[in-house]
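User: I'm new to reading protein models and would like to practise on one. Could we go through it with a few questions?

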Amino acid sequence: MTVKERLISTASDLFYQNGYNNTGINEVIEKAKVAKASLYIHFKTKDDLCIAYLQNKEEKFLSDLKASLKGKPKGKLQLLGLFDYLREVYRQDDFKGNCSINILAEIPKENTKIREEVSKHKTNLKSYIQNLVEKNTTTDHPEKLTNKLLLLYDGALVQSYVQQDSWPIKDAKDIALSLI
C-alpha cells in the first residue's frame with residue numbers, strides 16, 4: 001500500500017468512526033505511520049484528505065452495490081435489491097450511517113468544496129438508480145420513480161442508523177415495491 005493509500009485508508013476509518021471534526025491531522029499521521037511532510041505532499045489541506053476519503057468511500061460503495069445487484073434477477077427484484085444491499089450495510093459491525101451525510105453535518109455551510117463532492121456522490125447514486133429503473137421497469141416517468149427510490153433509500157439509511165434497527169429498511173423496501 002502506498003503512503004497516499006495508507007493516509008486515505010486511515011483517514012477513512014477515523015473520519016467514519018470518530019467524525020471529521022473529531023479527527024485531527026496528527027492522529028491520521030500517527031495511525032498511518034507516516035511523516036507529516038508525507039501527508040502534505042499528497043494533501044494540501046484536511047479538506048483535500050476528506051475529499052479523497054469521500055471519493056474512496058463512493059468508489060467502494062458503488063462497486064459493492066453493483067456486485068450485490070448483479071446476482072439479482074432483472075425486474076422488480078433488481079430494484080428491490082437496493083434495499084437488500086442496504087440491509088447488508090446496516091448489519092456491518094462498524095455501521096455509522098452515510099459517510100457523505102455525516103461529513104456534511106459536520107462542515108460549515110460555506111465549505112463549498114466538500115459540499116460539491118457530496119452533491120456529486122448523490123448525483124452519481126441517482127444516475128445509477130435511474131439506470132436501474134430504466135432497465136428494469138416500463139414506467140413512463142423514470143425520473144419520478146428514481147427520485148422516490150432515492151428518497152426511500154437515503155431515508156432508510158439515515159433512519160436505520162438513528163433507530164439502530166433495520167425496520168426502516170424493510171419498510172422502505174415495502175414502499176418501493178408498491179411504487180414499482
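Below, a student asks about helices, rings and one buried side chain.

User: Before we dig in, how many residues does helix H1 have, and what span does it reach from its first C-alpha to its last?

Analyst: Keep in mind that this is a predicted model. Helix H1 runs over residues 3–18, which gives 16 residues. At 1.5 Å a residue, the expected reach is 22 Å. From first C-alpha to last, H1 comes close to that, at 22 Å.

User: Which helices do the buried residues of H1 pack against?

Analyst: Start with who is buried: Leu 7, Ile 8, Thr 10, Ala 11, Ser 12, Leu 14, Phe 15 and Tyr 16 in H1. The buried residues of H1 have several helices as packing partners, and these are H2 (25–32), H3 (36–42), H4 (46–70) and H6 (99–106).

User: What kind of aromatic pair do Phe 15 and Tyr 20 make?

Analyst: The structure has seven aromatic pairs. In the pair of Phe 15 and Tyr 20, the ring centres are 5.1 Å apart and the planes meet at 70 degrees. Planes over 60 degrees apart count as edge-to-face, so with 70 degrees Phe 15 and Tyr 20 are edge-to-face.

User: And what about Phe 83 and Tyr 153, what kind of pair is that?

Analyst: Here the centres of the Phe 83 and Tyr 153 rings lie 6.1 Å apart, with planes at 55 degrees. This pair links distant parts of the chain, 70 residues apart, with Phe 83 in helix H5 and Tyr 153 in helix H8. An angle of 55 degrees makes the pair of Phe 83 and Tyr 153 tilted.

User: Is Tyr 153 buried or exposed?

Analyst: Buried means under 20% relative accessible area. Tyr 153 has 2%, so Tyr 153 is buried.

User: Which lysine lies over the face of Tyr 16, and which one sits over the ring of Tyr 20?

Analyst: For Tyr 16, the residue over the face is Lys 57, at 4.3 Å from the ring centre. For Tyr 20, a charged end sits over the ring, 4.4 Å from its centre, and that end belongs to Lys 46.

User: One last thing: which residue's backbone oxygen lies 3.3 Å from a polar atom of the Gln 78 side chain?

Analyst: Gln 78 is in helix H5, and with a relative accessible area of 8%, Gln 78 is buried. Leaving out residues up to four places away in sequence, Gln 78 touches Leu 69, Lys 72, Pro 73, Leu 132 and Asn 136. The backbone oxygen 3.3 Å from a polar atom of the Gln 78 side chain is that of Lys 72.

Technical notes:
Residues numbered from 1 in each chain as written. Predicted model: local features only at pLDDT ≥ 70, side-chain atom pairs only at ≥ 80, totals over all residues. Heavy atoms only, no water. Helix = DSSP H or I, 4+ residues; strand = E, 2+ residues; numbered from the N terminus. Expected span 1.5 Å × (residues − 1). Buried < 20%, exposed > 50% of the residue type's maximum accessible area, 1.4 Å probe, protein only. Contact = heavy atoms within 4.5 Å. Phe/Tyr/Trp six-rings, centres within 6.5 Å; stacked < 30°, edge-to-face > 60°. Lys NZ or Arg CZ within 6 Å of the ring centre and 35° of its normal. Polar contact = N/O pair within 3.5 Å; in protein donor to acceptor, adjacent residues only side chain to side chain.
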